[in-house]
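Let's take a walk through this structure together, one region at a time. Keep the 3D view open as you read, and turn it as each part comes up.

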Amino acid sequence: MMNPWLRALVYALLICTVILTLTAWSIWFERKFAGRMQSRLGPTFYGPAGLAQPIMDALKLLQKEWLIPETADRWLFILAPPLTVILALGSAAVIPFSATVVAADLDIGVLYLLALGSLMVIPVWVAGWSSNNKYAMLGAMRAVAQGVSYEIPLVLASLVPVILAGSMSLSDIVRYQMEHGWFVAWPPGPGLIAFLFFLPASLAEANRIPFDIPEAESELIAGVTTEYTGMGFGFLYLAEYLHTLIVSAVASALFFGGWDGPFRPGLHWMVLKTLLLFAGIFWVRWSLVRFRSDQLMKLCWRYMVPAGLVLVMSAGLWVFFRGGQP
Amino acid sequence: MAMTQTSPVTAGWADPYLDIEAYDPEADLMVLNLGPQHPSTHGVFRLKLYLDGEIIVKVVPFAGYLHRGVEKLCEKLTMVQLPPIFDKNDYVSPMMNEQSLVMSFEALLGIEVPRRARYLRTILAELQRIASHLLWLGAFAMDLGGALGGGSTLFLYCFRERELILDLFEELTGGRFHYNTHLIGGNRHDVPVGWDPKVYAALDVIEARLVEYEDFLTRNQIYIDRTRGVGVVDAELAMNLGITGPVLRAAGVDHDLRRDAPYHCYDEIDVRVVTATAGDCEARGTVRLGEMRESIRLVRELLPGLPTGPLGARKPIKTPLAEKASKGHAYACVESPRGELGVYTIGGGDNKGASPYRLKIRSPSLHVLSCLPYVLPGQSVSDAVAVLGSLDPIMGEVDR
């Protein structure tokens, strides 16, 4: 048996590398996908089918001068972008990619994920505040309002698999689904509805369209990222994609049986499911217009929170009456 | 800001001359300059917004960043040199600009335009209306959905369809954007061989796609939430401010120059005017979508009946009849996609009377923008962008 510290380090490095690479090419994938949707070609220049485009993008961002506005709060301004990436990557630690590939199989994995997710609000606020720019400020205000509000339906939706499986560990939740069927299909009702709540709520947390009002570029130019250039912007951009990727991975673990599959369960199923969900999120993004801030709040507090409470209760009743035995 | 000034428009609307000091002695409002460089001000337009949180308290619009002195230029160039200059005014519907200009000169000089040219002008105007409204639809979707989202998808779709019409214009005039096809007394370019079937084919494609776009918007709850009841301009406000075009018709006023003051050959065909009653962004969208359908119908009806005959007045007009022009003045207006686009000319200026003495453009976009200080207060920044997009202002025309 390996030294636990060494094991953690190896896994951390491995997962960071794989996830960061995957994120870079997911940007290529999204651009290609969006291009095809919009009857364009998307990136074509670098590499076959533009596959080297993410490398070029990163190089371009690295070469750019990182301008810091004179009136900005210098240290906070510099601190915010790496912080977003760290928090987004941190969530990857507890995601079980397969029965063995998991960096830290925490007993409270779901809680840890939700906690890191809600912490994401802080660097975004810091970025907006320290920029000392009115557009960034408005964007940050929207981001905080939105992040804090959508935390609640997100927690309620995540509670459903937790209650059904009787565990907060993501691996245990997946194992339960391997035995009893995926939550999205069984028990009929709560699982599927919880997924339909989880996805928009996490999109809202990750600031994706139709919930991308914090950086609504037609209104707020670029929201919190307005003053960022070079790799500062690169990090904020990367964090957004990381967050989306991790949300897809968490959703496939919570609701779609993780690494379980019709045959040969393993890592490949998890990756496939994650990427499919990811593509679904792109699809939504490139076909919807965005909400207004107050409408988003209304949707959250008036519909999703009460319905989420009912959902949690129904999951509890299911477990109570069926004794966890399907 | 003069504090004694009072709003010319009656109660029920926000006061454009609101005294901020009196409104909020603590001065805890945020002043946000939306523009002149901003993704969704449709050019260089500045809105000074006084924000209470995200709610707009007062709006001060600033235009003039794109002022090029076109009206002054008109006093220096001869009349025949002017149509290409006018292409650049409302750069989304150049045909209408040329038409309003040459119609004004024709009225001034008393030139009769042959029937074939009038027909062709009508067809071009209607095709241009489709192209212009398509661009509006795309830009509006982008205002609502952002350049990196669903909005840009619709934007690119609309550009794809607009391209079909630009291709038709290119084949006819040689220019995709700045046509210079209208002459005083007629048209320069005749319909090329094999143009008609291409027009019908393009119209078929656009008509089919319009259904998709309508579904994309009107069956989308987010779009409805964003536009219904937002930026209401009612009939009274619209008429007080001199607003014309789709914004006026969306407020329920059944007014369309094509039917009410026919020019070209509009008196020979039946123009159905599309109106709505709500006066909000959604109604303006409905009106424009309906107008595209109507324009498609008009072109289909007009093109087979294109009369034979000369395309221009008997002699090419090189130098306008100076002695005649020096006495007169004339106004001509067309229903451009944005409303009443008029040109008022006083003849007999420089170049021995070959230039106008004075020329005034009545651009619909300027009048449309004047509703912003009345309409926007009480709504949020997001709504400001939606309302501005739904008004479809073209800055080249506002500032001239």
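In this predicted model, the contact between the two chains draws 30 residues from chain B and 25 residues from chain A. Looking at the side of chain B that touches chain A, you will find that the elements giving two or more residues are strand 1, helix 5 (115-145), helix 6 (150-173), helix 8 (221-227) and helix 17 of chain B. Helix 6 of chain B provides the largest share of that side, with six residues. Sorted by class, the residues on this side of chain B are 13 nonpolar, 11 polar and six charged.

Strand 1 of chain B, one of those contributors, is a good place to step from the interface into the fold of chain B. Here three strands make up an open sheet, ordered 1-2-3, and their pairing is antiparallel. Strand 1 (30-34) and strand 3 (55-62) of chain B are the edge strands, and each has a single partner strand, so one side of each has no neighbour in the sheet. From one strand to the next, the twist averages 20°. If you follow strand 1 of chain B along its partner, strand 2 (residues 46-52) of chain B, you can trace five bridges between these antiparallel strands. Within this pairing, Leu34(B) sits opposite Leu47(B) in strand 2 of chain B.

What lies across this sheet? Helix 17 (residues 381-391) of chain B lies across strand 1, strand 2 and strand 3 of chain B, and its direction makes an angle of about 150° with strand 2 of chain B. Helix 17 of chain B also appears among the elements that give two or more residues to the side touching chain A.

Now turn to another open sheet in chain B, again of three strands, with the order 6-7-8 and antiparallel pairing. Its edges are held by strand 6 and strand 8 (358-362) of chain B; each has a single partner strand, so one side of each is left without a neighbour in the sheet. On average, neighbouring strands in this sheet are turned by 10° against each other, direction ignored. Strand 6 (residues 329-336) and strand 7 (residues 339-346) of chain B pair in the antiparallel sense through eight bridges, and two residues between these strands complete a hairpin. Along the pairing, look for Cys333(B), which stands opposite Gly342(B) in strand 7 of chain B. Helix 4 (residues 94-109) of chain B lies across strand 6 and strand 7 of chain B, at about 155° to strand 6 of chain B.

Finally, let's cross over to chain A. The axes of helix 1 (residues 4-37) and helix 11 (residues 267-285) of chain A come within 10 Å and cross at roughly 45°. These two helices of chain A are therefore oblique to each other, and their crossing is right-handed. Where they meet, Ser26(A), Glu30(A), Phe33(A) and Ala34(A) in helix 1 of chain A face Phe278(A), Ala279(A) and Phe282(A) in helix 11 of chain A. By class, this contact has five nonpolar residues, one polar and one charged.

Key. Residues are numbered from 1 along each chain as its sequence is written. Chains are lettered from A and ligands numbered from 1 in the order in which they are written. This is a predicted model: local features need pLDDT of at least 70, side-chain atom pairs count only at pLDDT 80 or more; totals for chains, interfaces and linings use all residues. Two strands pair if DSSP finds at least two bridges between them. Helices (H or I, at least four residues) and strands (E, at least two) are DSSP runs, numbered from the N terminus. Axes are lines fitted to C-alpha atoms, for helices over the stretch in contact, and angles run from 0 to 180 degrees between N-to-C directions. Two residues are in contact if their C-beta atoms, placed from the backbone, lie within 7 Å. Angles under 35 degrees count as roughly parallel, over 145 as roughly antiparallel, 65 to 115 as roughly perpendicular and the rest as oblique. A crossing is left-handed if the near helix is turned anticlockwise from the far one by less than a right angle, and right-handed if clockwise. Ala, Val, Leu, Ile, Met, Phe, Trp, Tyr, Cys and Pro count as nonpolar, Asp, Glu, Lys and Arg as charged, and the others, Gly among them, as polar.
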